[in-house]
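User: Please introduce the structure below to a reader who has not seen it before. A formal series of questions and answers would be suitable.

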Amino acid sequence: MDMIKEGQHIARHDGAADTGTAARAGEYLTFKLGGEEYGIDILRVQEIRSYEQPTRIANAPGYLKGVVNLRGVIVPIVDLRVRLGCADAQYNHFTVVIVLNVKGRVVGAVVDSVSDVLELTAEAIRPAPPMASNGADNGALTGIGSVGDRMLILMDIEALMSSPDMGLLNGAN
């Protein structure tokens, strides 16, 4: 397993993005939110950066921490811990921002820490269990990945970040 280092650019692979909502075999960046481990499609990840205090936007939702200037691009920073209802979001030296490319727009996602990049086979992925929820994030859960004794909650980060209630990509392609 390759450990991800802070500030590291993620190698992008060529290939068409899957348009379905079910998780598919491939490479996933794994990260922690609270006590749980999550995985997102590596093709959505642009880079990983250390957390820096963003410029706060007045009247923004609690999960939108603000914006940062990333090489001339103004990037909204979403704290996934707050967005997904994790108990307590604490900022320390492990806290990082995963910079994502979502529908042609750059968005940052704050997580507790990143773990590694894992290759998951189709056999290692189970469908997401059906759950009743009032939240709009249910469609972002795409499956459960098993690697040894580890269970990964696989998410469609593009669906989560582009959901209408997020308000981040209004008017984006």
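The turns below treat the core, the strands and the aromatic rings.

User: On what basis are the residues numbered and the local features accepted?

Analyst: Residues are numbered from 1 along each chain as its sequence is written, and side-chain values use heavy atoms, with hydrogens and water left out. This is a predicted model, in which totals for chains, interfaces and linings use all residues, side-chain atom pairs count only at pLDDT 80 or more, and local features need pLDDT of at least 70.

User: Which strand gives the most residues to the largest nonpolar core?

Analyst: A nonpolar core is a set of buried Ala, Val, Leu, Ile, Met, Phe, Trp, Tyr and Cys residues joined through side-chain atoms within 4.5 Å; buried means under 20% relative accessible area, with a 1.4 Å probe and protein chains only. The largest core has 27 residues, and those touching the most other members are Phe31, Ile40, Leu80, Ile98, Leu100 and Met161. At least two residues each come from several elements, including strand 2 (26–33), strand 3 (36–41) and helix 2 (157–161), where helices (H or I, at least four residues) and strands (E, at least two) are DSSP runs numbered from the N terminus. With four residues, the most is given by strand 7.

User: How many residues does the second, separate core hold?

Analyst: Among the members of this second core are Tyr51, Val68, Ile77 and Val99. Its total is nine residues.

User: Which residue of strand 8 is the bridge partner of leucine 100?

Analyst: Two strands pair if DSSP finds at least two bridges between them. Strand 7 and strand 8 run antiparallel and are joined by seven bridges, whereas strand 6 (residues 73–79) runs parallel to strand 8, with three bridges. For leucine 100, the partner in strand 8 is valine 107.

User: How many of the residues in strand 8 are buried?

Analyst: Strand 8 has seven residues and is mostly covered. The buried number is six.

User: What is the angle between the planes of phenylalanine 31 and tyrosine 38?

Analyst: The structure holds two aromatic pairs; rings of Phe, Tyr and Trp (its six-membered ring) pair if their centres lie within 6.5 Å, and planes under 30 degrees apart count as stacked, over 60 as edge-to-face and the rest as tilted. Phenylalanine 31 and tyrosine 38 are both buried. Their pair is stacked, with 5.7 Å centre to centre and a plane angle of 10°.

User: Over the face of which residue does arginine 81 lie?

Analyst: A charge sits over a ring if NZ of Lys or CZ of Arg is within 6 Å of the ring centre and within 35 degrees of the ring normal. The charged end of arginine 83 sits over the ring of tyrosine 63, 4.9 Å from its centre. Arginine 81, at 4.6 Å from the ring centre, lies over the face of tyrosine 91.

Key: Buried means under 20% relative accessible area, exposed over 50%, partly exposed in between (1.4 Å probe, protein chains only).
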